[in-house]
Amino acid sequence: MAITIPIHQAGAGSRARVVTPAGAALTSLPPLSVYVHVPWCVRKCPYCDFNSHAVPAELPERAYLDALRADLEQALPSVWGRQVISVFIGGGTPSLLSAAGLDELLAMLRACLNLLPDAEITMEANPGTAEAGRFRDYAASGVNRLSLGIQSFDDAQLAKLGRIHDAAQARAAIDMAQRAVARVNLDLMFALPGQDMDGCLDDLRQALSHGTEHLSLYHLTLEPNTVFAKYPPQLPDDDASAAMQDAIETRLEEAGLHRYEVSAYARTGARCRHNLNYWEFGDYLGLGPGAHGKLSFHDRIVREARLRNPESWMARAQARDGSHIAETRTVGADELPFEFMLNALRLKDGVPAASFSERTGLSLAAIAPALQAASARGLLDPDPTRLRATALGWRFLNDLQEMFL
Ligand SMILES: C[S@@+](CC[C@H](N)C(=O)[O-])C[C@H]1O[C@@H](n2cnc3c(N)ncnc32)[C@H](O)[C@@H]1O
Ligand code: SF4
């Protein structure tokens, strides 16, 4: 499907107001982020349903960067004149890219986009592909935050998870990352096969021993079409994993890392600006195979998705006829409340109530009945100036979010 070229272009801050049948009437555009997807990994982990593929004999870095340039250049009319607050290079395993390749990628973004001088630039890295020299080179190119997929510090668990690294490599990668950049996130998973509370807390203890400023703690889920879905491992039951979740929050709070989103914990001032922009219903341009984007215009909000298959995306992006875009869709006014609340309620502090209208172009009155019902059930904070789940609402987040469908 061909990309839709916006008719009403405008830079952030313009105050024109246009109402369309889709219902959106935005008086300003939200902050803009950029996501770049690198789709290859050394090998596929058995639990993972990300758009990631075992790397071919040789990483097609040249073809990938050429396709990325083509993808970016075709997207430019949709974001013309707008400032970019953050970049996230995710995967897959972006740390498979050479230092020169990553440098070219960031130079390309800087040349084509209005990247703010203090933009947060995060790159995901797998400890099995970590090298001190390359991390330093990534930092010299502009990466100022590294996100490491640690998962666990237990060698037996790492083997069960099919990881390409052991705990010693994970610790070494953290050390290299912390020497290279000021900001490091560690991804850990819990409720792992055969894991008990002691194992979960030991992983936390080891993560905290590195003094990290940000942790992402994911409950291991069995995703469809993964090896684990076909051959399910023995996992802790719901009560045991709920107890782990509670213990994680308590232990991290004691250590000064505050839970600010369902899976994210940070020291004061260390929250991930890129992910916050997603949850606050900001805009993001998604580049690369399978990348999703959300872009606002004065009169509508558009979601788009790139072709998932890396080879197809590379070939179609290079064709420069828009056929690398699998889907472009204007979000209907009836869908916006759910989409907004789905994101905003993941944040422990919620969002200012006024941002609902700013970001969706709809009046808060559009969700007044659902707000009242959720508040009456004790799921939503009655404070009229914020949209924020109560402790109960957060525990039953799916039920609360569905009230805005
Ligand atoms: C794209 S990966 C991160 C970087 C890199 N690919 C790696 O694994 O080292 C994002 C994170 O999602 C989490 N994740 C992936 N699959 C998951 C699953 N089925 N359940 C819970 N968390 C998962 C892992 O913690 C992983 O580090
Ligand atoms: S390395 Fe990361 S993205 Fe790649 S398969 Fe494993 S979890 Fe998925």
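UniProt annotations may be inferred rather than shown by experiment. I keep that in mind for the first entry. The model I am reading is predicted.

**Entry 1: the annotated domain**

I looked up the domain record. The unreviewed UniProt entry carries the annotation "domain: Radical SAM core", and the annotation covers residues 26-257. I then took the secondary structure over residues 26-257. The chain there is 41% helix and 23% strand. The end C-alpha atoms of that range are 36 Å apart.

**Entry 2: ligand 1**

How many residues surround ligand 1? I find 16 residues, and the closest are Glu124, Asn126, Gly149, Asp187 and Tyr218. I checked which elements give two or more residues to this shell. They are strand E4 (83-91), strand E6 (145-151) and strand E7 (183-190). By class I get 6 nonpolar, 7 polar and 3 charged residues around ligand 1.

**Entry 3: ligand 2**

I listed the surroundings of ligand 2. Cysteines Cys41, Cys45 and Cys48 are among them. So are Lys44, Phe50 and Ser52. Gly91, Gly92 and Thr93 are also in the list, as are Asn126 and Gly149. The class split of this shell is 4 nonpolar, 6 polar and 1 charged. I note that Asn126 and Gly149 appear around ligand 1 and around ligand 2.

**Entry 4: a cis peptide**

I went back to Gly91 and Gly92, both in the shell around ligand 2. The peptide bond from Gly91 to Gly92 is cis, with omega near 15°. Gly92 sits in the loop between E4 and H2.

**Entry 5: H2 against H3**

I turned to helix packing. Two packed helices are described by the angle between their axes and the distance between the axes. Helix H2 (residues 99-112) and H3 have axes that come within 9 Å and cross at roughly 15°. Angles under 35 degrees count as roughly parallel, so H2 is roughly parallel to H3. H2 passes H3 in a right-handed crossing. From H2, I see Ala99, Leu102, Asp103 and Leu106 meeting Arg134, Asp137, Tyr138 and Ser141 of H3. This contact divides into 4 nonpolar, 1 polar and 3 charged residues.

**Entry 6: H3 against H5**

Which residues of H3 meet H5? First the geometry. Helix H3 (residues 132-141) and helix H5 (residues 167-180) pack at about 30°, with axes 9 Å apart. That makes H3 roughly parallel to H5. The crossing is right-handed. On the H3 side I find Ala132, Phe135, Arg136, Tyr138 and Ala139, and on the H5 side Met176, Ala177 and Ala180. The class count is 7 nonpolar, no polar and 1 charged. Tyr138 of H3 takes part in the contact with H2 and in the contact with H5.

**Entry 7: H6 against H8**

Helix H6 (residues 197-208) and helix H8 (residues 238-254) pack at about 30°, and their axes are 10 Å apart. H6 is therefore roughly parallel to H8. I read the crossing of H6 and H8 as right-handed. H6 brings Met197, Cys200, Leu201 and Leu204. H8 answers with Ala243, Met244, Ala247, Ile248, Arg251 and Leu252. The residues of this contact divide into 9 nonpolar, no polar and 1 charged.

**Entry 8: a backbone oddity**

Last, I looked at Phe281. Its phi is positive, about 65°, although Phe281 is not a glycine. Where is Phe281 found? I place Phe281 in the loop between helix H9 (273-279) and strand E11 (283-287).

Terms used:
Residues are numbered from 1 along each chain as its sequence is written. Chains are lettered from A and ligands numbered from 1 in the order in which they are written. This is a predicted model: local features need pLDDT of at least 70, side-chain atom pairs count only at pLDDT 80 or more; totals for chains, interfaces and linings use all residues. Axes are lines fitted to C-alpha atoms, for helices over the stretch in contact, and angles run from 0 to 180 degrees between N-to-C directions. Helices (H or I, at least four residues) and strands (E, at least two) are DSSP runs, numbered from the N terminus. Angles under 35 degrees count as roughly parallel, over 145 as roughly antiparallel, 65 to 115 as roughly perpendicular and the rest as oblique. A crossing is left-handed if the near helix is turned anticlockwise from the far one by less than a right angle, and right-handed if clockwise. Two residues are in contact if their C-beta atoms, placed from the backbone, lie within 7 Å. Ala, Val, Leu, Ile, Met, Phe, Trp, Tyr, Cys and Pro count as nonpolar, Asp, Glu, Lys and Arg as charged, and the others, Gly among them, as polar. A residue is near a molecule or strand if its C-beta atom, placed from the backbone, lies within 6 Å of it.
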